[in-house]
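Open your viewer, keep the selection panel handy, and follow along stop by stop. We will pick residues, look around, and move on.

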Amino acid sequence: MAFDPKVFSQIVFQGIYESKRIFNRMNRAYDALVAGVWAKSVDVPLMPQLVVSKAAVAEGHADRKRGSDVSTVNVPFSTYIVPIACVLEDIMATNDQLLNALAAQVVAAFERGLDVDSLAAAVLALPGGNKDIMAGGTMQDVDIMKVLSWFNKKELPDTDRLVIVPTNLEEEFYACPMVKQAMSYNQNLLETGVIKIKNATFIVTALASQVDNKDALQAIWGQSIAAVVKNSGLDRFEAYVAGSGLKVVDYAGYGGAKRIYDNGVFALKHQ
């Protein structure tokens, strides 16, 4: 069958939007704000903090929020390129199953890039008050509780609470009595590896960014990270390699991530 780049692009984008990866746990509400196919960034609206009052509030009072109190945060786009040889594309286009297999691999490559950028954005230039050091030389229950308490101290909603565990700390994490007990009494945890404690989902990943050159437990309220994918479709570039006569293909997608609420992230660094 003939290879149709437009159809292939649609398959890949469907996979990205249906993904269960980390970037899709962040704030994904802003794709529609991308101005057009040539946009290199997107301005994300930052809503003011509303307050409640027990008394009447004057029209000009600072507590009465208005349009001028809405600011924006610019999220620049990165280019994510998946390079393959054209011959692979030709082989995969011979039937639907192979084509879907290729699309799944392209989706996985984009997912990884978007996950890395989302996690990096979460802790980039993190304010000093949003990070601390673990109590001892190895992770303990008290460290896990300290990370979890950040969500409550900052009055963050119970939903979209994530705790990122770098793989370098995985053994220490699973050795904590709190985690061992949770896994012992919940068969689903043993089967899926997904741990949820006090409304927070714990994710062990090799893609976590370090904080001040240290591995760290990271509390992330997903809505505090704007993760945007430019939904105009994939770009497909092809070229012949001089001397070899072979044709290469690059698939390019565009997206970016940025922390928009500082209070939504806390990092507890390993000693």
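Start by selecting Leu98, which sits in helix H3. This is a predicted model, and here is a first thing to check on its surface: how exposed is Leu98? Its relative accessibility is 31%, so Leu98 counts as partly exposed, the class between buried, under 20%, and exposed, over 50%.

Now add Val87, Leu88 and Ile91 to the selection. Together with Leu98, these residues make a nonpolar surface patch of about 310 Å². Which helix gives the most to this patch? Colour residues 86-92, helix H2, and you have it: H2 contributes three residues.

Next, zoom out and show the whole chain as a cartoon. You should find seven helices and 12 strands. Turn the protein along its principal axes, and the C-alpha trace spans about 70 × 55 × 35 Å. Of the 271 residues in the protein, 42% are buried.

Time to go inside. The structure has one cavity of 30 Å³ or more, and the largest cavity holds about 50 Å³ of space. To see its walls, select Phe13, Ile16, Tyr80, Phe110, Leu114, Val229, Leu234, Gly253, Tyr254 and Gly255 as sticks. What kinds of residue line this cavity? Eight are nonpolar and two are polar, while charged residues are absent from the lining.

Keep those sticks on and colour three elements of the cartoon: helix H1 (5-17), helix H3 (96-123) and strand E11 (247-259). Each of them supplies at least two residues of the cavity lining. Strand E11 gives the most, with three residues. Helix H3 is a familiar name by now, since Leu98 from the surface patch lies in it too.

For the last stop, clear the sticks and look for an open space instead. The largest pocket has a volume of about 390 Å³. Its lining is made of 15 residues, and the ones closest to the pocket centre are Gln49, Lys154, Leu156, Trp221 and Tyr261. Select those five and centre the view on them. How does the pocket lining divide by class? Colour by residue type and count: seven nonpolar, five polar and three charged. Set that beside the cavity, whose lining has no charged residues.

If you save scenes, three are worth keeping: the patch around Val87, Leu88, Ile91 and Leu98, the cavity with E11 highlighted, and the pocket centred on residues including Trp221 and Tyr261.

Technical notes: Residues numbered from 1 in each chain as written. Predicted model: local features only at pLDDT ≥ 70, side-chain atom pairs only at ≥ 80, totals over all residues. Heavy atoms only, no water. 1 Å grid on protein atoms, 1.4 Å probe; cavity = no way out; pocket = protein on both sides within 12 Å on 5 of 7 lines; lining within 4 Å. Points joined across faces, edges and corners; volume = space filled by probe spheres on them. Helix = DSSP H or I, 4+ residues; strand = E, 2+ residues; numbered from the N terminus. Nonpolar A, V, L, I, M, F, W, Y, C, P; charged D, E, K, R; others polar. Patch = residues over 30% accessible without salt bridge, like charges linked within 9 Å, V, L, I, M, F, W, Y side chains within 5 Å. Areas by Shrake-Rupley, 256 points an atom, 1.4 Å probe, with all protein chains shown as cover. Salt bridge = Lys/Arg side-chain N within 4 Å of Asp/Glu carboxyl O. Buried < 20%, exposed > 50% of the residue type's maximum accessible area, 1.4 Å probe, protein only.
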